[in-house]
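Please look through the structure below with its overall fold in mind, and then follow the description from the whole chain down to its core and outwards to its partner.

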Amino acid sequence: MPPQLAWRVATVLDVHDETPRARTLVLEVSPWPGHRPGQHVDVRLVAEDGYQAQRSYSIASTPEEATVALTVERLEDGEVSPYLCDVLRAGDGLELRGPIGGYFVWTLDQGGPLLLVGGGSGIVPLMAMLRHHARADAAVRARLPVRLIYSARSQDVVIYREELERLDHRPEVEVTLTLTREAPTSWSGYRRRIDREILDAVSWPPSEMPQAFVCGPTALVESMATLLVELGHDPACVRTERFGPTG
Amino acid sequence: MQTEEMRLDGNAAGGALREVFAQEMTAALATCTGCGTIRPVGALLEYGHRMGVVLRCPACEAPVLRIVRTPGWLRVDASGISFLTIPGEPDEATREGRRV
């Protein structure tokens with residue numbers, strides 16, 4: 001691993017909207033040392049007057065892909081996300097450094113089973129883990145099942161919705177969605193924040209000793225991590241990444 | 001809005017930590033000088049501000065690590081860490097027999 005983390009300019013190859021509030025940027029970053037699912041990049045914007053704004057964005061793509069994808073949620077009063085979601089287009093440059101992270105990371109060799117708990121844009125690094133898992137061969141996946149619990153305000157802001165539905169059909173993957181603010185009348189799933197009852201129903205019991213990753217708004221991450229430890233999970237196997245008040 | 005809702009964690013300081021330590025630090029285990037508990041740096045609480053980073057112990061709230069950037073200088077107060085265990089590269093860990 002190179003000791004110094006240099007800022008460099010990536011090229012935007014493609015942008016596409018995941019939801020009305022979230023956009024994926026597909027980047028060419030050259031050279032790129034590869035990354036581990038869960039890692040992020042720091043992005044830096046410099047205004048004409050020299051003012052700099054810097055934010056971190058989780059990598060959504062797997063290490064097996066040639067390009068690096070970030071999924072960015074637009075924050076209404078954000079300094080960086082409105083530019084990334086509304087202005088940046090294919091052909092533009094984007095200054096970034098990475099990959100960064102060594103704690104909130106998961107690769108196949110770390111084993112499982114895997115418990116992924118996410119809220120809002122917290123799904124992004126978890127999706128990198130799930131996509132990495134999906135590329136393993138069937139025998140490996142069968143030994144390493146995944147349960148994902150994803151909390152979103154409403155169906156239209158569920159990021160990667162169709163892909164999650166497809167992955168949910170795999171025998172070794174279970175995806176549970178809960179909609180916390182509004183749901184279509186046809187919705188037969190959970191309609192509340194993730195709580196003990198939902199964890200009891202759809203997550204792994206502590207006896208399975210899962211590797212757990214919790215990501216999203218700070219309040220969700222802290223309540224979920226506390227709950228998992230209260231339920232008996234080893235704190236060393238519950239890894240957290242807080243995204244702040246929103247997401 | 002409560003400060004608690006706004007806080008992040010050591011993951012968000014990953015880039016700054018790389019600048020100071022010249023290697024990935026979020027998986028390093030830090031012993032808090034204040035209360036003695038040991039946690040991965042990524043699990044410390046971060047209260048960021050424009051000029052830098054403060055990482056606090058989740059157990060006792062004591063500042064564990066402070067990094068401040070001023071023009072031409074990077075200032076670090078690591079007195080909140082009494083001991084640090086930094087893991088080797090993932091490749092090394094696998095060779096040492098970590099269970100797959």
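Among the contacts in chain A between residues at least 6 apart in sequence, 72% join residues that are at least 24 apart, and this holds for a predicted model. The chain that makes these contacts contains six helices and 11 strands, and 43% of its 247 residues count as buried. Along its principal axes the C-alpha trace of chain A spans about 55 × 40 × 30 Å. Its radius of gyration is 18 Å, which agrees with the value near 18 Å that a compact globule would have with 247 residues.

The domain assignment divides chain A into domain 1 (8–100) and domain 2 (108–242), and the centres of these two domains, taken over C-alpha atoms, are separated by 24 Å. Where they meet, domain 1 of chain A contributes 16 residues to the contact and domain 2 of chain A contributes 15 residues. On the side of domain 1 that touches domain 2, the elements giving two or more residues are strand E1 (8–19) and strand E5 (68–73) of chain A. By class, that side of domain 1 has six nonpolar, six polar and four charged residues.

What, then, lies in the largest nonpolar core, and which of its residues touch the most other members? This core has 77 residues, and those touching the most other members are Leu70(A), Leu116(A), Leu126(A), Phe213(A) and Val214(A). Helix H2 (residues 123–134) of chain A gives the most to this core, with seven residues, and the core draws at least three residues from each of domain 1 (8–100) and domain 2 (108–242) of chain A. In soluble globular proteins, nonpolar side chains tend to be buried together. Leu116(A) offers a detailed view of the packing: leaving aside residues up to four places away in sequence, Leu116(A) touches Leu126(A), Met129(A), Leu130(A), Val146(A), Leu148(A) and Phe213(A).

Beyond the core, there is also the contact between the two chains, which takes 24 residues from chain B and 21 residues from chain A. On the side of chain B that touches chain A, two or more residues come from each of helix H1 (3–6), strand E1 (8–9) and helix H2 (14–21) of chain B, with H2(B) supplying the largest share, four residues. The residues on this side of chain B divide into nine nonpolar, seven polar and eight charged.

How values were computed
Residues are numbered from 1 along each chain as its sequence is written. Chains are lettered from A and ligands numbered from 1 in the order in which they are written. This is a predicted model: local features need pLDDT of at least 70, side-chain atom pairs count only at pLDDT 80 or more; totals for chains, interfaces and linings use all residues. Two residues are in contact if their C-beta atoms, placed from the backbone, lie within 7 Å. Ala, Val, Leu, Ile, Met, Phe, Trp, Tyr, Cys and Pro count as nonpolar, Asp, Glu, Lys and Arg as charged, and the others, Gly among them, as polar. A nonpolar core is a set of buried Ala, Val, Leu, Ile, Met, Phe, Trp, Tyr and Cys residues joined through C-beta atoms within 7 Å. A residue is buried if 20 or more other C-beta atoms lie within 10 Å of its own, exposed if 12 or fewer, and partly exposed in between; C-beta atoms are placed from the backbone. Domain bounds come from an automatic or database domain assignment. The radius of gyration is taken over C-alpha atoms; the globule rule is 2.2 Å times the number of residues to the power 0.38.
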